[in-house]
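Colleague: Please take a close look at one kind of contact with me, going residue by residue, and explain each term as you go.

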Amino acid sequence: MSGKLEVLTPQNSQVIFIDHQPQMAFGVQSIDRQVLKNNTVALAKAAKVFGVPVAITTVETDGFSGPTYPELLDVFPEAPLLERTSMNSWDDLKVREALATNAANGRKKVVVSGLWTEVCNLSFALSCLKDTDYEIYMVADASGGTSVDAHKYAMDRMIQVGVVPVTWQQVLLEWQRDWARKETYDATLAIVKEHSGAYGIGVDYAYTMVHKAPSRSIHNAPRLDPKPA
């Protein structure tokens with residue numbers, strides 16, 4: 001049975017953020033850059049809420065790529081930045097070791113968010129799949145390419161070899177899975193309200209109505225006296 005039939009859980013997952021740096025973001029044309037950042041930070045917050053380990057890679061920080069998004073670092077201020085020179089982060093021993101440590105603990109589902117889809121994400125995914133028994137879940141809306149076609153065909157190429165395409169909110173809700181899990185309920189909805197657009201607005205509205213509107217249960221409904229004859 002394929003491991004891909006097993007849903008993502010906080011126990012079987014790890015996340016890698018690849019090169020979320022300004023010079024890489026400047027080149028993105030496949031998605032609005034602010035939406036991209038929103039989605040990336042939302043995924044990071046989700047990983048933190050569910051205790052999913054995270055690796056953050058950088059490339060040529062001092063050369064031309066610049067520092068990692070401060071909003072991403074705010075979520076994981078203690079996370080080491082795995083700096084490298086290769087466009088393929090799988091070439092770097094630090095990256096392979098970080099992922100291997102988590103995989104040894106059963107976390108073989110690697111959730112990927114990165115820039116650019118057609119270069120860093122693609123080369124990482126192909127190399128990782130070739131060398132290991134990990135599974136790759138590519139977060140399409142928390143990754144970006146230099147054109148719509150560049151992103152699309154890179155995603156198509158990865159899907160052909162077994163990479164699973166997902167979205168950040170899909171990952172969040174797959175980790176939550178059941179609203180009866182109250183230990184992460186409020187934190188999950190907080191992420192939704194801040195980052196999920198229309199869905200978040202709807203949740204915010206619903207919460208406001210529930211907490212402010214008077215109860216309309218049968219026990220405290222206003223009494224309707226019969227009209228006099």
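Modeller: K45 makes a good starting point, and its relative accessible area is 22%, which makes K45 partly exposed (buried means under 20%, exposed over 50%, and partly exposed in between, with a 1.4 Å probe and protein chains only). Before going further, please keep in mind that this is a predicted model, in which local features need pLDDT of at least 70 and side-chain atom pairs count only at pLDDT 80 or more, while totals for chains, interfaces and linings use all residues. Residues are numbered from 1 along each chain as its sequence is written, and side-chain values use heavy atoms, with hydrogens and water left out.

The side chain of K45 meets that of E194 in a salt bridge, with 2.9 Å from N to O (the term asks for a side-chain nitrogen of Lys or Arg within 4 Å of a carboxyl oxygen of Asp or Glu). This pair links distant parts of the chain, since K45 sits in helix α2 and E194 in helix α9, residues 182–195, with their positions 149 residues apart in sequence (helices, H or I with at least four residues, and strands, E with at least two, are DSSP runs numbered from the N terminus). E194 is exposed, with a relative accessible area of 52%, whereas K45 is partly exposed.

Helix α2 spans residues 33–49 and also holds K37. K37 forms a salt bridge with E71, and the closest N and O atoms of these two are 3.3 Å apart. Because E71 lies in helix α4, residues 70–75, the pair ties together parts that are 34 residues apart in sequence. E71 is partly exposed, at a relative accessible area of 32%.

The next pair joins R84 and D19, whose side chains meet in a salt bridge at 2.7 Å from N to O. R84 belongs to strand β3, residues 81–84, and D19 to the loop between β1 (13–18) and α1, so this contact ties together parts that are 65 residues apart in sequence. R84 counts as buried, at 3% relative accessibility, and D19 is buried too, with a relative accessible area of 0%.

As background, side chains of opposite charge can pair when their charged atoms come close. A search of the whole structure finds seven salt bridges, and those described here include the pair of E194 and K45, the pair of E71 and K37 and the pair of R84 and D19.
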